[in-house]
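Please find below a few notes for a colleague who is opening this entry for the initial time. They begin with strand pairing and then turn to the ligand.

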Amino acid sequence: MQRTAAIGLRLSARVCYRGFSVRKATGICSSIFTSSKVTAVNMNSGGKPRVYVTRRIPKEGLDLLSKECEVSIWDSDDAVPQDVLLKNIPGISGLYCLLSDRIDGAVMDAAGPSLKAISTLSVGYDHINLDECRKRGIRIGYTPGILTDATAELTVGLLLTTSRRLAEGVTNVKNGGWGTWKPMWLTGPGLLNSTVGLVGLGRIGMAIAQRLKPFGVKRFLYSGNNKKPEADSLPAEFVPFETLVKESGFVVVSCSLNAQTKGLFNKKVFEMMSSNAIFVNISRGAVVNQDDLHEALTTGQIRAAGLDVTTPEPLPTDHPLLKLDNCVVFPHIGSASEETRIAMSILTTRNLLAGLMGEEMPEEVQL
Ligand SMILES: O=C(O)C(=O)CO
């Protein structure tokens, strides 16, 4: 929004102050955009559909949205408090949200029957209550595809950071732990001749495997609901989940979070894994029982874990997993390349606009 400020948008009759919307005189105002926190602004009224945006988003997506809609935005990098959200959405037609917003029946009730479409700046939509949307005929847009490459790239980085102990290396360089060169210091398993198991071989799982193949992986295994014809090009073997966790040196979780996958990685599963296995999760934190993971890492049931997602997010800085050298935690940055996030913001807008016009969304969740 600070960049939007430079444009000096003509504000419509509504200005939000500390998150509360109040009626004010129309006028040119850019200063309101310069406060970095708790400022929400309504723009571009004039018979256009009203939409609410729950966070500061890239200018590209916001500008496109502002052309067609009267936009209220929570102009902050922090999450909108639930009470502020509920106060600001009565009568909106569209909701532009993020994966960290909980969009449940109460939110939809607060918006009221005018709410036609919800569009999330994410491929995951586990934060949106689908049953409530179905009941009310609310359509949902999401952002698959465009974040596949960035997420797969980051997964390779996380896997190598974990297996080759890159974070420990950097820490030791900084804290004086780097002594003389020692043959087995900071060693870990390589990908050459390894077996990589992908839990969920969707778009992102395939893109991860394609990137790992040139490292000389010997076998790719995958599990999931269905055998995928595209797996033959890797090639990857479709195996039962149990076989995958028992036989993989690297277990990479790239499935979506749903009733079937929630808590999938628990004590019983970690016990089946090899004591040399590296566990990597880029899906959702709730796929893993974190207490069981902690136990597996501290008792040597598995060798190390790399997580780009946790429960909760952010993970409290005193969380036991953060005390372990054999656990690497990234702050949910899988899709965080600049071009990807900008593309996501535009696709989220295009989905919302299509939903509001009653047109086919470029990417719609099938309810
Ligand atoms: O899009 C998602 O669902 C993510 O987790 C981050 O890109």
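1. In this predicted model, residue I278 has A304 as its bridge partner in strand β15, and the two strands concerned, β14 and β15 (residues 304-307), run parallel and are joined by 4 bridges. The path between them includes helix α12 (residues 290-298), and β14, α12 and β15 together make a right-handed β-α-β unit.

2. I278 also serves as the bridge partner, in β14, of F250. Strand β13 (residues 250-253) is joined to β14 by 4 bridges, and this pair runs parallel; with helix α11 (residues 267-272), β13 and β14 make a right-handed β-α-β unit.

3. Which way do the side chains of β14 (residues 278-281) point? I278 and V280 point one way from the strand while F279 and N281 point the other way, and all of them are buried.

4. For the wider setting, UniProt lists residues 51-365, in an unreviewed entry, as "domain: D-isomer specific 2-hydroxyacid dehydrogenase catalytic". Over those residues the chain is 35% helix and 15% strand, and the end C-alpha atoms are 19 Å apart.

5. The residues that surround the ligand include L99, S122, V123, L147, H332 and M344, together with G124, R284 and S335. A backbone N or O atom of G124 lies 2.8 Å from an oxygen atom of the ligand, whereas for R284 it is a side-chain N or O atom that is 2.7 Å from a ligand oxygen atom, and for S335 a side-chain N or O atom is 2.6 Å from a ligand oxygen atom. Taken alone the ligand exposes 230 Å², of which the protein buries 92%.

Note on methods. Residues are numbered from 1 along each chain as its sequence is written. This is a predicted model: local features need pLDDT of at least 70, side-chain atom pairs count only at pLDDT 80 or more; totals for chains, interfaces and linings use all residues. Side-chain values use heavy atoms; hydrogens and water are left out. UniProt positions are given in the numbering used here, feature names are shortened, and annotations may be inferred rather than shown by experiment. Buried means under 20% relative accessible area, exposed over 50%, partly exposed in between (1.4 Å probe, protein chains only). Two strands pair if DSSP finds at least two bridges between them. A crossover is right-handed if, with the strands pointing away from the viewer, the path from the first strand over the helix to the second runs clockwise. A residue is near a molecule or strand if one of its heavy atoms lies within 4 Å of it. A polar contact is a pair of N or O atoms within 3.5 Å; within protein, one must be able to donate a hydrogen and the other to accept it, and residues adjacent in sequence count only if both atoms are side-chain atoms. Accessible areas come from the Shrake-Rupley method with a 1.4 Å probe; for residues, only the protein chains shown count as cover.
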